[in-house]
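Trainee: I am new to this structure and would like to go through it step by step. Can we look at it together?

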Amino acid sequence: MNYVRPEIAAMQGYVPGEQPRGGKFIKLNTNENPYPCSPAVARAVGAALEGGLQRYPDPMAEAFRIRAAELLGNGVGPDWILCGNGSDDLLTIVTRAFVGQADCLRLPYPSYILYRTLAQLQGAEAEETRFNADWTLGDDFSAPRPKLKLAFLPNPNSPSGTMLPPPRVAELADRLPCPLLIDEAYVDFADSHCTGLVAQNERIMVSRSLSKSYALAGLRFGYLVAQPHVIAELIKMKDSYNCDSLSIAGATAAIDDRAWLAANREKIVASRRRLIDGLRELGFAAVESQANFVWSPHATAPARPLYERLKAERILVRYMDYPGWGDGLRISVGTDEQIDACLAALRRMV
Ligand SMILES: Cc1ncc(COP(=O)(O)O)c(C=O)c1O
């Protein structure tokens with residue numbers, strides 16, 4: 001197709017993790033929550049459905065913003081929040097707002113592969129700063145350079161599940177000559193977060209997802225926290241109705257059920273410990289994780305055959321290969337039963 005912009009024709013496109021539709025798989029490959037969401041979500045979605053879908057939704061999802069602002073506290077008001085069709089939608093909106101043709105978008109490496117795709121869509125350069133071997137990030141991440149317009153920092157990071165402490169993030173953000181988006185898709189499984197930094201620095205934005213910790217990957221809802229004048233600019237970039245009536249109702253009910261979130265987090269954190277310890281017993285260099293997955297290279301057993309053999313046993317994990325860094329398995333935290341099945345299969349393979 002000759003009419004497509006050359007940078008689009010030249011790119012491969014982001015490939016999401018496998019979502020098998022038929023058959024029964026133990027699915028530990030896309031960091032979904034293994035438990036059903038809060039029952040309050042079904043009630044709220046049902047009520048919204050009863051109200052009818054013939055009208056457009058609230059373009060700003062005000063009901064969600066009000067509740068989210070109350071929960072975030074620290075002076076954050078509804079006008080500090082922008083809702084999105086999953087947090088990927090917000091990453092796209094932010095990239096389109098700040099990064100133009102031939103600009104530069106900085107990201108750490110290895111990290112979330114979508115960031116690179118977003119730069120390519122803009123015809124921009126994705127400049128990677130390598131993590132250190134212990135998953136800390138050097139000052140080169142905040143070094144100035146011409147045309148640097150935006151930096152992404154997943155915190156916790158994927159695939160490592162590791163985190164930079166908020167004071168270190170603040171330091172990097174203060175030195176960076178451009179806005180920094182802190183991607184907190186997995187932060188509810190972690191010990192700290194960075195929303196408190198937003199008020200201190202207008203260049204800091206934080207994105208959150210309801211896909212993982214609220215078990216709502218199928219609903220598609222995320223939100224971004226930034227200072228109100230930044231949100232006002234981002235609103236210009238979004239689709240008018242980027243969140244639908246059902247997802248707004250479901251997401252608002254979900255964040256209101258704090259008890260569900262706390263109980264779910266407790267189960268996932270306990271199962272994460274079980275997974276890390278089990279993997280280490282099998283000789284995997286499983287990284288201590290603050291997320292709902294574990295990065296698990298193995299000293300001697302090559303990762304790809306392990307992935308393939310697990311798949312043959314209907315256990316799906318994510319095989320990741322990062323050129324110049326190495327490959328490994330990223331295994332999502334499932335239920336204890338799922339983890340035990342995965343560990344038992346791996347025990348026969350390594
Ligand atoms: C680091 C990171 N950010 C964002 C997302 C996107 O999440 P959402 O489902 O909210 O679009 C993912 C999903 O896997 C992720 O790993």
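Trainee: By class, how many nonpolar, polar and charged residues does the shell around the ligand have?

Mentor: Keep in mind that this is a predicted model. Among the residues that surround the ligand are Gly86, Tyr112, Asp183, Ala185, Tyr186, Ser209, Ser211 and Arg220. Sorted by class, the shell has 3 nonpolar, 4 polar and 4 charged residues.

Trainee: Which residue has a polar side-chain atom 2.8 Å from an oxygen atom of the ligand?

Mentor: Backbone atoms can be set aside here: Ser87 has a polar backbone atom 2.7 Å from a ligand oxygen, and Asp88 has a polar backbone atom 3.0 Å from a ligand oxygen. The side-chain atom at 2.8 Å from a ligand oxygen belongs to Lys212.

Trainee: How much of the accessible area that the ligand has on its own does the protein cover?

Mentor: Start from the ligand on its own, with an accessible area of 400 Å². Of that area, the part covered by the protein is 91%.

Trainee: Within what arc do the buried residues of H11 fall, seen down its axis?

Mentor: Helix H11 runs over residues 336-347 and spans 16 Å from its first C-alpha to its last, close to the 16 Å expected. Its buried residues are Ile339, Cys342, Leu343, Ala345 and Leu346. They line one face of the helix, because seen down the axis of H11 they fall within an arc of 160°.

Trainee: Which residue does a cis peptide bond join to Asn155?

Mentor: Most peptide bonds are trans. One cis bond joins Tyr109 and Pro110, with omega about -5°, and Pro110 sits in the loop between strand S3 and helix H5. Another cis bond has omega of about 5° and involves Asn155. Its partner, in the loop between strand S5 and helix H6, is Pro156.

Trainee: Is Ala61 buried or exposed?

Mentor: Most residues other than glycine have a negative phi. Ala61 has a positive phi of about 50° although it is not a glycine, and it lies in the loop between helix H2 and helix H3. The cut-off for buried is under 20% relative accessible area. Ala61 has 1% relative accessibility, so it counts as buried.

Trainee: What is the relative accessibility of Ala215?

Mentor: Ala215 also has a positive phi, about 60°, although it is not a glycine. Its place is in the loop between strand S7 and strand S8. Ala215 counts as buried, with a relative accessibility of 17%.

Methods:
Residues numbered from 1 in each chain as written. Predicted model: local features only at pLDDT ≥ 70, side-chain atom pairs only at ≥ 80, totals over all residues. Heavy atoms only, no water. Near = heavy atom within 4 Å. Polar contact = N/O pair within 3.5 Å; in protein donor to acceptor, adjacent residues only side chain to side chain. Areas by Shrake-Rupley, 256 points an atom, 1.4 Å probe, with all protein chains shown as cover. Nonpolar A, V, L, I, M, F, W, Y, C, P; charged D, E, K, R; others polar. Helix = DSSP H or I, 4+ residues; strand = E, 2+ residues; numbered from the N terminus. Expected span 1.5 Å × (residues − 1). Buried < 20%, exposed > 50% of the residue type's maximum accessible area, 1.4 Å probe, protein only. Arc of directions from axis to C-beta.
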